[in-house]
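Here is my note on the model you sent round. The points are numbered so that you can reply to each in turn.

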Amino acid sequence: MGFFLHFSSLHGVLRVILEPLLGNMPLVGAFSLFFLKKPLLDINWTGLTNILDIPGLNGFSDQMIQDIISAYMVLPNRITVPLIGEVELAQLRFPMPKGVLRIYFIEAQNLEVKDTYLGGLIKGKSDPYGMLLVSNQLFRSKTIKECLHPKWNEVYEALVYEPSGQHLEIELFDEDPDKDDFLGSLMIDLTELHKEQKVDEWFDLEEVTTGKLHLRLEWLSLYSSAEKLDQVQKSIRTNDNLSSALLIVNLDSASNLPSGKKVSIDPNPFVKLTVGQKTCTSKVRYKTSEPLWEETFPFLINNPQTQELEIEVKDSKHKCSLGSLQVSLASLLNEVDMTLNQQFPLQSSGPNSTLKLKMALRILSLEKEVTSSHPSSVRVRITSQSNTCVPPKPQATSSPTDIQPSQNPPCTPPPDTPQGKRGSDGSPVRLADAGRSLSSLGIGSSHKRQSHRDSTPSLASDISLPCATLELQQRLQQLQNGSGLNLYPLGEVQLTVRHSSQRNKLIVVVHACRNLIALNKDGSDPYIRLYLLPDKSRSGRRKTSTLKKTLNPIYDQSFEFSVSMVELHRRTLDIAVKNGGGLLSKNKLLLGKTLVDLGSEDISKGWTHWYHLTEDGAKKLMQT
């Protein structure tokens, strides 16, 4: 019985490069295709393979196909198609990086409190760590325990092949045993950073009400001359984790490999390449003594004068060595353009066994020393600029869309930013409503999965409270018989909604409500319940804390739902504002509902809006 694979849709940024330019037809010598990031797939299996719809198997098969695509079409990998025969494809298939981004992940201040005790009565601190993403290179910082002003003082180095359209993406989390809490995010345009060369400044964190991050960023250019090596090594002498050079190894092919140990058939060769603590492994080529790989491997080098490249060719079937090779990196310093392209004889191999390699060494250095004290032109990318009815109070710093100037942190930790401030008219004043960063960090194995709960409808859902809407209608009728209603009688709720394609998460930030109906002389005790329809199970429910005796509550709480971009177009966000109270309270009523359509193309960028509450949940969006 057969099976069929249908790609319903493919979501990603595909870049096409036409080069080199020619003076006659076809005008270009070749074109290259690649994705800037791993694309998202919507895959439908038919036939016998419906078994892959089993939870767990489905995600595993989809992820495996995505990994295969990444191995061929996500930077630095690409597909290159020659249009004329004389075009040299090696440089097009395996280009050198445009530079190396050095990231000093220094410290943060005024992070949100996520660890609380006794149901929130006692506020603790957070255990923050950072996730940093440049293209497909992911870094995780150490965790600082019980601290709202952590100092990491860590450094990372990432290769950048195409600064245009690329970003440095950072997300901070509070590490917890079950599910890590979000502490803020940041996205920095690498195009502007490439121009600035060096930035040492404070960044306001996005998607949270408080918190800022101190980074030092350096753009290191690549030089094909050894003249700068001594100067570079002096500047990094105190830190063995920093690199002075970049080694690019193009593994082309091998010839006349011996058969495996005590076996006369052709081997299944692959290659292991090692410099220092880093080891890279090539693909396996099956049943051949003349394998062709055409793969490229980068290595960041601390000291090319003392380090060497170690290569071993192995047989994957019989787990034996087919030959080895050692190359001193110091030998490349004397080569023209610090590049070597030749057939190397293999040691401990056949009499004529060779390995064809191209190696290029490049010195890493700043193009210019930046000493200006003025703020840089580097921009932090934000998802939306939403104007609320009440602007935030003036701050001493400049606009949060600009990177803040570098400043010396105080010796003592600064006080936490106060929460829940209000304007003179009692309406909410948001502490961070200049937009939300478009962040798509993959969190990897550091994030723990939530424990699975039963899929039965929650007792707190609207399905289990059929009288809730009727009580709300009766309350509206009482208000109408009284002093009358305004245009939006049940009030409004403010939400930020966006989707992170890299993490496959829908992120909803519940900011505030205003002008809710009062159930008694003291007002109401509102909280907000969220469902991602059609799921109304207990495990799919999210809810805010309950705020007492207020008609204008401020929450600023963030929630996440695991859902792909493709599936999101078939889902609806169900928001209900409810009145809290004790178990036997007579005022546990529905205060209003709204439904949020998630089919908008802007969902990846995100938006912040006020939504009108109604008794039946029909969405009436007030454009702000």
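**Notes on the predicted model**

1. *A loop residue to check.* Gln197 sits in the loop between α3 (190-196) and β14 (198-204). The model is predicted, and the backbone here deserves a look. Phi of Gln197 is near 75°, a positive value in a residue other than glycine. Most residues other than glycine have a negative phi. Is Gln197 buried or exposed? At 2% relative accessibility, Gln197 counts as buried, because the cut-off for buried is under 20%.

2. *A second positive phi.* Leu27 also has a phi near 75°, again a positive value in a residue other than glycine. Leu27 belongs to the loop between β2 and β3. Its relative accessibility is 45%, so Leu27 counts as partly exposed. Please look at Leu27 together with the next point.

3. *Cis peptide bond at Pro26.* Met25 and Pro26 are joined by a cis peptide bond, with omega of about 10°. Most peptide bonds are trans. Pro26 lies in the loop between β2 and β3 (30-35). That loop also holds Leu27.

4. *Cis peptide bond at Pro534.* Where does Pro534 lie? Pro534 is in the loop between β26 and β27. The peptide bond that runs from Leu533 to Pro534 is cis, and its omega is near 15°.

5. *Val16 and its contacts.* Val16 is part of strand β2 (residues 14-18). With 46% relative accessibility, Val16 counts as partly exposed, because that value falls between the cut-offs of 20% and 50%. Which residues does Val16 touch, leaving aside its neighbours within four places in sequence? They are Ser32 and Leu33. The C-alpha atoms of Val16 and Phe34 are separated by 6.9 Å, and the two residues are 18 apart along the chain.

6. *The sheet around β26 and β29.* This open sheet has four strands, in the order β27-β26-β29-β30, with antiparallel pairing. β27 (542-543) and β30 (590-597) stand at the edges with a single partner strand each, so one side of each has no neighbour in the sheet. Strands β26 (residues 526-533) and β29 (residues 572-579) pair in the antiparallel sense over eight bridges. Among the paired residues, Pro526 has Asn579 in β29 as its bridge partner.

7. *The sheet around β17 and β20.* Four strands build another open sheet, ordered β18-β17-β20-β21, and the pairing is antiparallel. Its edge strands are β18 (278-281) and β21 (320-328), each of which pairs on one side only. From one strand to the next, the twist averages 15°. How many bridges join β17 to β20? Six bridges link β17 (residues 269-275) to β20 (residues 308-315), and the two run antiparallel. Val271 has Val313 in β20 as its bridge partner.

8. *The β17-β18 hairpin.* Four bridges join β17 to β18, which run antiparallel. Lys272 stands opposite Thr281 in β18. The two strands form a hairpin with two residues between them. Gly276 is in the turn and has a positive phi of about 60°. Unlike the two cases above, this one is a glycine.

9. *The second largest pocket.* This pocket has a volume of about 1300 Å³. Its lining counts 42 residues, and those nearest its centre are Lys278, Cys280, Thr296, Phe297 and Pro298. Elements that give two or more residues to the lining are α1 (57-73), β5 (79-82), β10 (137-140), β11 (151-160), β18 and β19 (292-301). Which element gives the largest share? The largest share comes from β19, with eight residues. By class, the lining has 21 nonpolar, twelve polar and nine charged residues. Strand β18 thus links two of these points: it is an edge strand of its sheet, and it gives residues to the pocket lining.

10. *The whole chain.* The protein has six helices and 32 strands. Of its 624 residues, 50% are buried. Among contacts with a separation of 6 or more, 68% are between residues 24 or more positions apart.

Definitions and conventions. Residues numbered from 1 in each chain as written. Predicted model: local features only at pLDDT ≥ 70, side-chain atom pairs only at ≥ 80, totals over all residues. Heavy atoms only, no water. Pairing = 2+ DSSP bridges. Axes fitted to C-alpha atoms, helices over the stretch in contact; angles between N-to-C directions. 1 Å grid on protein atoms, 1.4 Å probe; cavity = no way out; pocket = protein on both sides within 12 Å on 5 of 7 lines; lining within 4 Å. Points joined across faces, edges and corners; volume = space filled by probe spheres on them. Nonpolar A, V, L, I, M, F, W, Y, C, P; charged D, E, K, R; others polar. Buried < 20%, exposed > 50% of the residue type's maximum accessible area, 1.4 Å probe, protein only. Contact = heavy atoms within 4.5 Å.
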